[in-house]
Amino acid sequence: RAVGELVLTGSPPPFRTIMATLDNNPQLIRWTAVRAQRDAEIIAARLKPFPDVRLTAGWRHYRDTNDNAVRLGFSVSIPVFDQNRGGVIEAQEARAKVDAEQAAARAALTLTLGRAYETLVGSANEIKLLRGSALENSRRALEAIESGYAQGRFTLLELLDAQATATQAALREMEALINYHTSIAVLEGLTGVPLGLVRRERNR
């Protein structure tokens with residue numbers, strides 16, 4: 001069992017730095033292959049109207065003269081009217097659809113990334129604030145009131161209020177830590193890049 005305090009080892013990197021790694025997301029990587037396939041379909045559709053040259057060869061025997069001959073031939077289809085415009089347009093529309101779907105996927109991932117980043121920064125600031133003053137002040141106040149209550153200098157209501165304040169500060173820290181780690185998990189999951197913002201420091 002690991003016992004200790006989770007220490008924040010640094011400030012979150014700039015959002016643009018995290019955004020630069022978004023292309024590592026598998027949801028976006030797969031669109032690269034899909035786009036390449038659609039590009040190949042456009043090229044194939046554009047090449048389809050070109051003449052299809054066919055060569056033929058045959059052997060023939062003439063009984064009258066007892067001669068043998070080889071016959072060669074070729075045919076060329078000339079697409080005067082049909083230049084496969086429908087196929088080209090269809091392939092282009094399929095490519096445009098891929099581009100639109102890729103843009104939508106990137107926009108959705110960017111929105112999720114931005115929300116997670118905002119939560120990360122806000123949680124980090126709250127944790128630093130709580131650990132820098134609020135937690136320690138509430139603990140000291142509780143210790144002083146507990147000691148004074150034992151000596152009859154404070155009322156039970158004042159003691160309960162101090163306990164509630166200290167508990168609330170501890171709960172705020174726990175909630176901020178949960179949000180902090182959740183945000184890190186989301187960001188690392190979307191980008192595939194570890195942020196390395198937390199380490200566990202064992203109590204001695």
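## The loop residue T21

T21 is located in the loop that joins helix 1 (15-19) to helix 2 (26-47). The model described here is a predicted one. With a relative accessible area of 19%, T21 is classed as buried, because the cut-off for a buried residue is under 20% relative accessible area.

The side chain of T21 reaches the backbone oxygen of I18 at a distance of 2.6 Å. When residues up to four places away in sequence are not counted, T21 touches T191 and V193. Helix 4 covers residues 156-191.

## Overall organisation

The secondary structure of the protein consists of four helices and four strands. Followed along the sequence, these elements appear in the pattern β-α-α-β-β-α-α-β.

The protein has 204 residues, of which 25% are buried. Among contacts with a separation of 6 or more, 73% are accounted for by residues 24 or more positions apart.

## The packing of helix 3 and helix 4

Helix 3 (residues 85-150) packs with helix 4 (residues 156-191) at an angle of about 155°, and the two axes are 7 Å apart. Helix 3 is therefore roughly antiparallel to helix 4, because angles over 145 degrees are placed in that class. The crossing of the two helices is left-handed.

The residues that form the contact of helix 3 with helix 4 divide into three groups: 25 are nonpolar, nine are polar and six are charged.

## Two serines in helix 3

Two residues of helix 3 may now be considered in turn. S123 is found in helix 3 and counts as buried, at 5% relative accessibility. Leaving aside neighbours within four places in sequence, S123 is in contact with A176, N179 and Y180. S123 and Y180 are separated by 57 residues in sequence, yet their C-alpha atoms are 5.4 Å apart in space.

S138 also lies in helix 3. Its relative accessible area is 9%, so S138 is buried; the reasoning again rests on the cut-off of under 20%. Apart from neighbours within four places in sequence, the residues in contact with S138 are T165, A166 and A169.

## Summary

The protein combines four helices with four strands. Helix 3 and helix 4 pack in a roughly antiparallel arrangement, with a left-handed crossing. Within helix 3, S123 is buried, and S138 is buried as well. T21, in the loop between helix 1 and helix 2, is likewise buried.

How values were computed: Residues are numbered from 1 along each chain as its sequence is written. This is a predicted model: local features need pLDDT of at least 70, side-chain atom pairs count only at pLDDT 80 or more; totals for chains, interfaces and linings use all residues. Side-chain values use heavy atoms; hydrogens and water are left out. Axes are lines fitted to C-alpha atoms, for helices over the stretch in contact, and angles run from 0 to 180 degrees between N-to-C directions. Angles under 35 degrees count as roughly parallel, over 145 as roughly antiparallel, 65 to 115 as roughly perpendicular and the rest as oblique. A crossing is left-handed if the near helix is turned anticlockwise from the far one by less than a right angle, and right-handed if clockwise. Ala, Val, Leu, Ile, Met, Phe, Trp, Tyr, Cys and Pro count as nonpolar, Asp, Glu, Lys and Arg as charged, and the others, Gly among them, as polar. Buried means under 20% relative accessible area, exposed over 50%, partly exposed in between (1.4 Å probe, protein chains only). A polar contact is a pair of N or O atoms within 3.5 Å; within protein, one must be able to donate a hydrogen and the other to accept it, and residues adjacent in sequence count only if both atoms are side-chain atoms. Contact means heavy atoms within 4.5 Å.
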